[in-house]
Amino acid sequence: MSRASYRDRAWVIRTYDFGEADRVVVLLTREHGLVRSVAKGVRRAKSRFGSRLQHFVNLDVQLYPGRNLATISQADTVEYYGAKITYDYDRYTAACAALESAERLAATDTDPYLYEALRATFSLLQTDADPTAVLDSFLLQAMAHAGWAPSLFDCAQCGASGPHHAFHPAVGGAACHQCRPPGAAEVDPETLHVMWLLAHDRLGQAEASIAAVPTRGAQAHQLTRAHLQWHIEHKVTALSVMDQS
């Protein structure tokens with residue numbers, strides 16, 4: 001790894017205390033993917049930029065690479081999205097789920113897609129859009145970018161034309177009667193259409209369908225969550241918190 005310092009745009013994914021005054025900060029950057037870094041002395045009252053290293057702040061950071069952790073030498077606020085997210089429980093849990101999922105999806109990827117997708121998601125959470133629908137749109141589009149979007153019309157197993165009434169992540173999404181595996185969810189095809197709308201950035205149309213039949217939104221969320229967690233092979237804690245509300 002080059003030892004030269006560099007600047008990048010970044011989101012704070014998570015933080016934890018380190019030593020007496022430092023803090024480890026996991027960043028999702030635009031050009032360098034996930035970066036584990038340390039912000040030295042930020043827990044002291046006179047820290048120059050400690051208050052900026054928080055969720056939902058679009059940062060411009062100066063980083064110096066290290067053997068295990070990069071060092072944050074400067075952090076400036078570019079955009080702040082926290083005001084309308086932090087004090088609204090539904091928006092907050094949806095935004096936290098987006099951050100946690102982005103970390104799982106990023107892995108070793110240095111593609112700027114996830115950085116930009118989070119920016120678009122936090123912008124939508126400033127509006128009156130349904131937070132769960134906004135989150136599901138982010139997840140479905142991010143999974144498509146990763147190469148494992150669920151099939152939402154044709155059978156994922158044999159390609160038989162839909163619509164179909166079953167869904168299971170193990171087969172890749174929608175399943176026909178012949179290919180339906182044990183444990184597949186019974187699903188209204190209109191729910192799969194809602195997911196298709198969300199996956200294709202048609203949030204307004206998806207919300208209109210959900211408003212007509214609210215159970216479509218709830219089922220779309222559960223199917224999206226199941227597909228995500230099947231493929232990342234890990235539970236997303238923030239999604240579980242959402243479902244408890």
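Modeller: Before we start, contact here means heavy atoms within 4.5 Å of each other. Keep in mind, too, that we're looking at a predicted model.

Biologist: Good to know. Which residues of H2 meet H8?

Modeller: Helix H8 covers residues 237-244, and H2 covers residues 89-106. On the H8 side, the residues in contact are Thr237, Ala238, Leu239, Val241 and Met242. On the H2 side, they are Tyr89, Thr93, Ala94, Cys96, Ala97 and Glu100.

Biologist: How many residues of that contact are nonpolar?

Modeller: Take away the others from the picture: two of the residues between H2 and H8 are polar and one is charged. The nonpolar ones number eight.

Biologist: Is H2 roughly parallel or antiparallel to H8?

Modeller: The two axes come within 8 Å, and H2 passes H8 in a left-handed crossing. They cross at roughly 155°. Angles over 145 degrees count as roughly antiparallel, so H2 is, relative to H8, roughly antiparallel.

Biologist: And H5 with H7, at what angle do they pack?

Modeller: H5 is made of residues 189-199 and H7 of residues 214-232, with axes 9 Å apart. H5 passes H7 in a right-handed crossing. The two helices are roughly perpendicular, packing at an angle of about 70°.

Biologist: Which residues of H7 does H5 meet?

Modeller: H5 brings Glu190, Thr191, Leu192, Val194 and Met195 to the contact. Counting both helices, the residues divide into five nonpolar, three polar and two charged. The ones in H7 are Arg216, Gln219, Ala220, Leu223 and Thr224.

Biologist: Now the strands. In what order do the five strands of the barrel come?

Modeller: The barrel is closed, and its pairing is mixed. Ignoring direction, neighbouring strands are turned by 50° against each other on average. One of the pairs is S2 (residues 22-29) with S3 (residues 34-39), antiparallel over six bridges, where Val26 partners Arg36. The full order is S1-S2-S3-S5-S4.

Biologist: Which strands does H2 lie across?

Modeller: H2 runs at about 110° to S1, which spans 6-18. That strand has two companions under H2, so to speak, and the full set is S1, S2 and S3.

Biologist: Which strands are at the edges of the open sheet?

Modeller: This sheet has three strands in the order S7-S6-S8, with antiparallel pairing. S6 (residues 166-168) is joined to S8 by two bridges, and Ala166 stands opposite Glu186 in S8. H7 lies across the three strands, at about 35° to S6. The edge strands, each pairing on one side only, are S7 and S8.

Biologist: Any backbone oddities? Which residues does the cis peptide bond join?

Modeller: Look in the loop between H4 (131-146) and S6, where Pro163 lies. Omega is about 10° at this bond, which joins Gly162 and Pro163.

Biologist: Last one: where is confidence lowest?

Modeller: Over the chain, the mean pLDDT is 92, and 97% of residues reach 70 or more. The highest confidence is in H5, at 98. The lowest has a mean of 83, and that's in H8.

Conventions
Residues numbered from 1 in each chain as written. Predicted model: local features only at pLDDT ≥ 70, side-chain atom pairs only at ≥ 80, totals over all residues. Heavy atoms only, no water. Axes fitted to C-alpha atoms, helices over the stretch in contact; angles between N-to-C directions. Helix = DSSP H or I, 4+ residues; strand = E, 2+ residues; numbered from the N terminus. Parallel < 35°, antiparallel > 145°, perpendicular 65-115°, else oblique. Left-handed = near helix turned anticlockwise from the far one by under 90°. Nonpolar A, V, L, I, M, F, W, Y, C, P; charged D, E, K, R; others polar. Pairing = 2+ DSSP bridges. pLDDT = per-residue confidence, 0-100.
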